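This briefing is intended for a bench biochemist with the sequence and the coordinates at hand. The topics are strand pairing, the nonpolar cores, the cysteines and model confidence.

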Amino acid sequence: APDAGEASVAQTGSYDAASVTAVVTLTGDGATVSGSGVSVSGSAVTFTSAGTYLISGDLADGQLIVDTADATADATADTEKVRLVLNGVSVACSTGPAVFVRSSPKKTVLYTAAGSVNLLSDGSGYTVEDAEQTEGEVYPNACVYACDDLRLDGEGTLRITGNADKGINTKDDLEITGGTLIVTSPGTAVRGNDSVEMTGGTVTLTVTGEGDGLKSAQTEKDGKGWVSVSGGSLYITAIGDGISAATDLTVSGGTLVITS
């Protein structure tokens, strides 16, 4: 369930100006910012502190980056969530993920504003082969890549085109609680390494290569590696598994249509 601080957004789809930390307008090769908690370096837009950020506009070749770990010496810096409210956003990145959550110890929420259509895509040649990777390091391999927990929510549409490998990949937990999500990718469409929980929304996943539709892979941590679907509508077309859970798969509600 949404936190109390998210209630007004989740219920109405509108945003009280007083609750928005910054308004970010993407301008093709950069961004303008009204508010705090955001730094812009060329076409890289970085969110450096917890808060709610209302984002619109286009980036032709850039990234939205969440990196709050060193935002301040205050020990409470990451006790609140980073909320990226996508309100008509188009971001393409040729050299990495369109959205890269580098560090957000509490959680990052991608929220689609009511009536909005948002487009994310990555390039095709930036991933590191599995054999060349080192355990514990960060190797982005998805259009939306998160090193920490990620939640997808909202009332609008988020269309993700993964070209390198995966559509969405988190190293920790992934939640899908609302909105319309459409993902196309050659590798696994949606992967939450530690867990995947879907409680709402309409999700359509299309895998054009040999990946899986919805996946959790963690086998090293007790109580992880599970997938749970309790609500929403889930449509999967995959050459690999429709749903793949390293440990437990629980389906207790919702609509599932899977072609594998």
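**Strand pairing and overall picture**

Strand 4 and strand 6 (residues 63–67) run parallel and are joined by 4 bridges. The model is predicted, and the chain averages a pLDDT of 88. The following points are grouped by topic.

**The sheet**

- Within the pairing of strand 4 with strand 6, threonine 46 has isoleucine 65 in strand 6 as its bridge partner.
- Strand 3 pairs with strand 4 (residues 44–47) in the antiparallel sense, over 4 bridges.
- Along this antiparallel pair, valine 38 has phenylalanine 47 of strand 4 as its bridge partner, and serine 41 stands opposite alanine 44 in strand 4.
- A hairpin is formed by strand 3 and strand 4, with 2 residues between them; in its turn, glycine 42 has a positive phi of about 65°.
- Strands of a sheet pair through backbone hydrogen bonds, in either a parallel or an antiparallel sense.
- An open sheet of 9 strands, with mixed pairing, has the order 3-4-6-8-11-14-17-20-23.
- Strand 3 (38–41) and strand 23 (243–245) are the edge strands of this sheet, each pairing on one side only.
- From one strand to the next, the twist averages 15°.

**Nonpolar cores**

- The largest nonpolar core has 48 residues, of which Leu26, Phe47, Ile55 and Ile168 touch the most other members.
- Strand 7 (residues 82–93) gives the most to this core, contributing 5 residues.
- Another core, of 6 residues, lies apart from the largest one and includes Val20, Val109, Tyr111 and Ala113.
- Leaving aside residues up to four places away in sequence, leucine 26 touches Ala31, Val45, Ile55, Ser56, Gly57, Asp58, Leu59, Leu64, Val89 and Val91.

**Cysteines**

- The count of disulfides comes to 0.
- For cysteine 143, the closest cysteine sulfur is that of cysteine 93, at 8.8 Å; this is too far for a bond, because a disulfide requires sulfur atoms within 2.5 Å.
- Cysteine 143 counts as buried, because its relative accessibility is 0%.
- Cysteine 147 also counts as buried, with a relative accessibility of 12%, because the cut-off for buried is under 20%.

**Confidence**

- A pLDDT of at least 70 is reached by 85% of the residues.
- Residues 1–13 have a pLDDT below 50; beyond near neighbours in sequence, this stretch has 21 contacts in the model.

How values were computed: Residues numbered from 1 in each chain as written. Predicted model: local features only at pLDDT ≥ 70, side-chain atom pairs only at ≥ 80, totals over all residues. Heavy atoms only, no water. pLDDT = per-residue confidence, 0-100. Contact = heavy atoms within 4.5 Å. Core = buried A, V, L, I, M, F, W, Y, C linked by side-chain atoms within 4.5 Å. Buried < 20%, exposed > 50% of the residue type's maximum accessible area, 1.4 Å probe, protein only. Pairing = 2+ DSSP bridges. Axes fitted to C-alpha atoms, helices over the stretch in contact; angles between N-to-C directions.
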